[in-house]
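Trainee: I should like to understand how the terms used for a protein model are justified. May we go through them one by one?

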Amino acid sequence: MARFSRRRLSRNPARGAATKAIIAAKAPASPTSPQPDAAARVATKLPSTRRLRRGPVANVLVMAVSAGIVGTLAIPAYAFAPGSAGPQFGETDVTKLTKAQAQSVEVTDDVIAAPVTKDSYDAVTGAEIAAAAEAAAAAEAARIAAEEAMTSYAASYSGPSVGDFLANPPYPNFDLASVYDVATSYIGVPYVYGGATPAGFDCSGFVMYVYAQFGVSMPHSSAGQGDMGTRISEADAQPGDLVIMPGHDGFYAGNGMILHAPYEGASVRVQPIWTSDYYIVRIGI
């Protein structure tokens, strides 16, 4: 062991000298002990090999510096892209104004004056509901009365029908004067809705029944009868031509007059044309 210790001391003389100086400093001083020489005093000034101890403040500083180094290394490469500080990467004037100043919005007059609409509805009163119910009841009563009249009408007539005349026309030679003469023979026949015999006529049923006697087949419709003929001027009209109105027709009687079956409660008659909304049609041309 003595040999090993000497070998280590011979390799590091400074450390050995320092060790001796520390031992000598710890030994109790005595009057008889010799004072340390100059070499020993120099050795005590050498740095100690004892490990340094850091306080809490030093630890915090070391950790902060370490974090900064790690954060710098972690910044991505594109953060240091060359040219990123150029003017093309800067904020525009619009962006600066948006961030830094108050903005104002101008509203045009056509927006301010835009019409405002709202949903609306009409309330129905109790009186209106009652009136509608009464009107419906009256319409139903009229329908029933018309059915009863048609039943009575059919039972009261046993003469030839439109079909009978078309199969065997009593007047094979057609002319307007003859047509008008036959039509006047039915003056006084009562108006019956849907009627087409001398037991009762409606407007188009009357025209259809008369023309059937001349072998002319017509629909039971004023509009359809008007479509069968040719329009002529009133100056050229003759008795026996047709006067066509919206939803109604009859025979022209001359001098602005009409021969027709007018309405419920009236009979076939001649009277002045009461409206300007009509035109003249001639059959057979």
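Mentor: The following questions set values against definitions. Please keep in mind that this is a predicted model. Its protein chain comes to 11 helices and eight strands, and of its 285 residues 24% count as buried.

Trainee: Why is Gln-213 called buried?

Mentor: Buried means under 20% relative accessible area. Gln-213 has a relative accessible area of 4%, so Gln-213 is buried. Gln-213 is found in the loop between α10 and α11.

Trainee: Which residues does Gln-213 touch, not counting residues up to four places away in sequence?

Mentor: Gln-213 touches Phe-165, Pro-169, Pro-170, Tyr-171, Val-182 and Tyr-186.

Trainee: What makes helix α10 mostly covered?

Mentor: Helix α10 spans residues 203–212, and 10 of its 10 residues are buried. Among them are Cys-203, Ser-204, Gly-205 and Tyr-209.

Trainee: Why is α9 called oblique to α10?

Mentor: The axes of α9 (residues 176–184) and α10 come within 10 Å and cross at roughly 125°. Angles from 65 to 115 degrees count as roughly perpendicular and those over 145 as roughly antiparallel. The value of roughly 125° falls under neither of these terms, and therefore α9 is oblique to α10. The crossing of α9 past α10 is right-handed.

Trainee: Which residues of α9 and α10 meet?

Mentor: From α9 come Leu-176, Val-179, Val-182 and Ala-183, and they meet Phe-206, Val-210 and Tyr-211 of α10.

Trainee: How many residues of each class does the contact of α9 with α10 have?

Mentor: Ala, Val, Leu, Phe and Tyr are among the residues that count as nonpolar. The contact of α9 with α10 has seven nonpolar, no polar and no charged residues.

Trainee: What makes a set of residues a nonpolar core?

Mentor: Such a core consists of buried residues of certain nonpolar kinds, joined through side-chain atoms within 4.5 Å. The largest nonpolar core here has 31 residues, of which Phe-206, Tyr-211, Leu-242 and Phe-251 touch the most other members. Helices α8, α9 and α10 and strands β4 and β5 each supply at least two residues of this core. Helix α10 gives the most, with seven residues.

Trainee: Which residues are in contact with Leu-242, leaving aside its neighbours within four places in sequence?

Mentor: They include Val-207, Tyr-211, Met-218, Gly-250, Phe-251, Tyr-279 and Ile-283. Apart from the largest core lies another core, of eight residues, among them Ala-237, Val-243, Tyr-252 and Ile-258.

Notes. Residues numbered from 1 in each chain as written. Predicted model: local features only at pLDDT ≥ 70, side-chain atom pairs only at ≥ 80, totals over all residues. Heavy atoms only, no water. Buried < 20%, exposed > 50% of the residue type's maximum accessible area, 1.4 Å probe, protein only. Helix = DSSP H or I, 4+ residues; strand = E, 2+ residues; numbered from the N terminus. Axes fitted to C-alpha atoms, helices over the stretch in contact; angles between N-to-C directions. Parallel < 35°, antiparallel > 145°, perpendicular 65-115°, else oblique. Left-handed = near helix turned anticlockwise from the far one by under 90°. Contact = heavy atoms within 4.5 Å.
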